Amino acid sequence: MFFTFGMDGKSDCMMIIGHRGAMGYRTENTLSSFQYAMELKLSMMELDVQMSRDGQLVVFHDRTLERLATKSGQISDYSLEELQKMALPDGEKIPSLEEVFAMASGKIRLNLEIKMQNISDKLSASIRDYLSHYSLKVEDVVVSSFDHRELLRFQSLLPEVPLAVLYYGIPVSLDDVFSRMNPLAVNLGLEFLDVALVKEIHSTGRVVNVYTVNEESDFRLVENYGVDGIFTNYPERFLTRS
Ligand code: G3P
Ligand code: CA
């Protein structure tokens, strides 16, 4: 289990999750960023998963390549080999998901965010494979997504891997989601954080994490709300507070 609740319904300590590795210090979602998150001895880091034209899982956030790779088009327009030849800032490259598992092996837990539709078959098979090859246990991985239908599909394929449901906004009700799947966590956007919603989720025994918390004032707010973990670009700022 990743988190514990205190008697007051608040967590005993806040989990600091490195956002896209440690993207405040290194190029996001690269091995360098993940290496830095590991040097900081974070217990978990987050990364975004998509699939290449030739069906390989890669780590990249945006829908299109322009911002980081200065190429046009999408991840799914290129093969893994083509993607890995593209230069990212600071001489970095787009990692495959397997490279991240090999690096993380036994050292840090992974929150894999599904960023593309219809990749659950490949992702579930790959996670199963990587867990048998690298030193990670099933509870060292969490799969999250804003795409709740894709999460449902993933759950049906690999139900032993914990899930986190992502929201950007305040849902009318959580009942439908909780009746269809059993997420370990609900990950909420800071912009829509609502203390009643946090309490409601806690009352179901689930964990609340908030993205993206980079400022001290926001850290104090979420701490006051009793959230369990934060995604941050700048984990160094909060490590002594967790
Ligand atoms: O998983 C939390 C957060 O990463 C979701 O938003 O846009 O940074 O992928 P985004
Ligand atoms: Ca993400």
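Visitor: What makes Asp48 count as buried?
Guide: Asp48 has 0% relative accessibility, and buried means under 20% relative accessible area, with exposed over 50% and partly exposed in between (1.4 Å probe, protein chains only); Asp48 is therefore buried. The structure is a predicted model, in which local features need pLDDT of at least 70, side-chain atom pairs count only at pLDDT 80 or more, and totals for chains, interfaces and linings use all residues, while side-chain values use heavy atoms without hydrogens or water. Residues are numbered from 1 along each chain as its sequence is written, with chains lettered from A and ligands numbered from 1 in the order in which they are written.

Visitor: How do you know which residues are protein donors of the calcium ion (ligand 2)?
Guide: Glu46 (OE), Asp48 (OD) and Glu113 (OE) lie 2.1 to 2.3 Å from the calcium ion. Donors are N, O and S atoms within 2.8 Å of the metal, or 3.2 Å for Na, K and Ca, so these atoms qualify. Water is not among the atoms, so the site may look incomplete. The spacing of the donor residues in sequence is E-x1-D-x64-E. Asp48 belongs to strand β2 (residues 44–51) and Glu113 to strand β4 (residues 109–114), so the pair ties together parts 65 residues apart in sequence. Strands (E, at least two residues) and helices (H or I, at least four) are DSSP runs numbered from the N terminus. Glu113, with a relative accessible area of 5%, is buried as well as Asp48.

Visitor: Why is the contact of Asp48 and Lys115 called a salt bridge?
Guide: A salt bridge requires a side-chain nitrogen of Lys or Arg within 4 Å of a carboxyl oxygen of Asp or Glu; the N to O distance here is 4.0 Å, so the pair is counted. Lys115 is partly exposed at 27% relative accessibility. Arg20, Glu28, Asp48, Asp62, Arg67, Glu113 and Lys115 are linked in a network of such bridges. Within it, the closest N and O atoms of Arg20 and Glu28 are 3.1 Å apart.

Visitor: What makes Arg180 exposed?
Guide: The relative accessible area of Arg180 is 52%, so it passes the limit for exposed residues. Arg180 forms a salt bridge with Asp176 at 2.9 Å, and the two, four residues apart in helix α7 (residues 175–180), are separated by about one helical turn.

Visitor: Why is the pair of Phe146 and Tyr211 called edge-to-face?
Guide: Rings of Phe, Tyr and Trp (its six-membered ring) pair if their centres lie within 6.5 Å; planes under 30 degrees apart are stacked, over 60 edge-to-face, and the rest tilted. The centres of these rings are 6.0 Å apart and their planes meet at 85°, so the pair is edge-to-face. Phe146 is partly exposed at 38%, whereas Tyr211 is buried at 13%.

Visitor: How do you know that Arg206 lies over the face of Phe178?
Guide: The rule asks for NZ of Lys or CZ of Arg within 6 Å of the ring centre and within 35 degrees of the ring normal. Arg206 is 3.8 Å from the ring centre of Phe178, so the distance condition is met. Arg237 lies over the face of Tyr234, also at 3.8 Å from the ring centre.
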